[in-house]
Amino acid sequence: MQKFCRNNERKYYRFRADKYYGGIATADCMGCNMDCAFCWSWRTRANPEMGEFYSPEEVAERLVKVAHNNGFRAVRISGNEPTLCREHLLGVIGEVEDLDSSLIFILETNGIEIGRDESYAEDLSKFGNLHVRVSFKTRSPENFEIITGRPKEWFELQIKAVERLHGKVSFHPAVVAEYAGEYLIKRLREISPEIPAKLEHESLVIYTHVKKRMRARGLI
Ligand code: SF4
């Protein structure tokens, strides 16, 4: 993780305008704590020398500029896992709020770090401009390891993240549609009956380079 976080700075490899959420300014960061078979950005992890370090202020300024230039109402950090460099992330969200409080910050995360540490959701709850999207990679611990390259126990950390965000921070869960299933819905319902209705089903885009990785893990 140190390779991507340096003091309060984090490495990014791209800033861009993207079409999702009706148009969103996007900063693509380096570094993830998982290694999903279908990850479109796996090349950035295979090439850690990519990118440059930016402070929270520099990232926020770039995001807000892209949003204003394109008439967008939302900004995000994408590309890899935004929650890894915690102080940096909190700094970026706060700076965006200071620069333009009407912009929504969408935090797309696998939830592992939020599940690991109770105080993370507390920190996130201080922002009024934040919405979190917790992205499940599969429906249960059963195939978690083969899909994410991480121990199956980590599935519980994703569930824990939802538990910790619930009632504190605006959020919704998402799951890769191809691996969705009843067990995940049951677990979300146990946290609160209204959560399953908010579940977003995300379709996989299987790029050529991804196909090879999925085949190697016996997923296609
Ligand atoms: S959690 Fe997201 S960024 Fe990380 S490996 Fe999985 S799909 Fe890629």
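Student: How many helices and strands are there in the chain?

Tutor: The chain has nine helices and nine strands. Keep in mind that this is a predicted model.

Student: How do I read the overall size, and what radius of gyration does the chain have?

Tutor: Set the value beside the one expected for a compact globule with that number of residues. For 220 residues such a globule would have a radius of gyration near 17 Å, and the chain has 17 Å, so the two agree. Along its principal axes, the C-alpha trace spans about 45 × 40 × 30 Å. Of the 220 residues, 37% count as buried.

Student: What share of the contacts joins residues 24 or more positions apart?

Tutor: Among contacts with a separation of 6 or more, such pairs account for 78% in this chain.

Student: Which domains does the assignment give?

Tutor: The domain assignment gives domain 1 as residues 1-102 and domain 2 as residues 110-205. Their C-alpha centres lie 20 Å apart. Where the domains touch, 17 residues come from domain 1 and 17 residues from domain 2. The side of domain 1 that touches domain 2 divides into nine nonpolar, four polar and four charged residues.

Student: How do I read one helix, and which residues of α8 are buried?

Tutor: List the buried residues, then ask where they sit around the axis. In α8, residues 182-191, the buried ones are L184, R187 and L188. They cover an arc of only 95° around the axis, so they lie on the same side of α8. The face turned away from that buried side carries the exposed residues E182, K186 and E190.

Student: What do the buried residues of α8 pack against?

Tutor: Their partners are β7 (130-136), α7 (154-165) and β8 (171-176).

Student: Where is N7 found, and what is its phi?

Tutor: N7 is in the loop between β1 (5-6) and β2 (9-18). Its phi is near 50°, a positive value in a residue other than glycine. N7 counts as exposed because it has 10 C-beta neighbours inside 10 Å, and the cut-off for exposed is 12 or fewer.

Student: And where is Y21 found?

Tutor: Y21 is in the loop between β2 and β3 (24-29). It has a positive phi of about 55° although it is not a glycine. With 16 C-beta neighbours inside 10 Å, Y21 counts as partly exposed.

Student: Which residues are around the ligand?

Tutor: They are C32, M34, D35, C36, C39, S41, N80, E81 and N110. By class, this shell has four nonpolar, three polar and two charged residues.

Terms used
Residues are numbered from 1 along each chain as its sequence is written. This is a predicted model: local features need pLDDT of at least 70, side-chain atom pairs count only at pLDDT 80 or more; totals for chains, interfaces and linings use all residues. A residue is near a molecule or strand if its C-beta atom, placed from the backbone, lies within 6 Å of it. Ala, Val, Leu, Ile, Met, Phe, Trp, Tyr, Cys and Pro count as nonpolar, Asp, Glu, Lys and Arg as charged, and the others, Gly among them, as polar. Helices (H or I, at least four residues) and strands (E, at least two) are DSSP runs, numbered from the N terminus. The radius of gyration is taken over C-alpha atoms; the globule rule is 2.2 Å times the number of residues to the power 0.38. A residue is buried if 20 or more other C-beta atoms lie within 10 Å of its own, exposed if 12 or fewer, and partly exposed in between; C-beta atoms are placed from the backbone. Two residues are in contact if their C-beta atoms, placed from the backbone, lie within 7 Å. The arc is that of the directions from the helix axis to the C-beta atoms. Domain bounds come from an automatic or database domain assignment.
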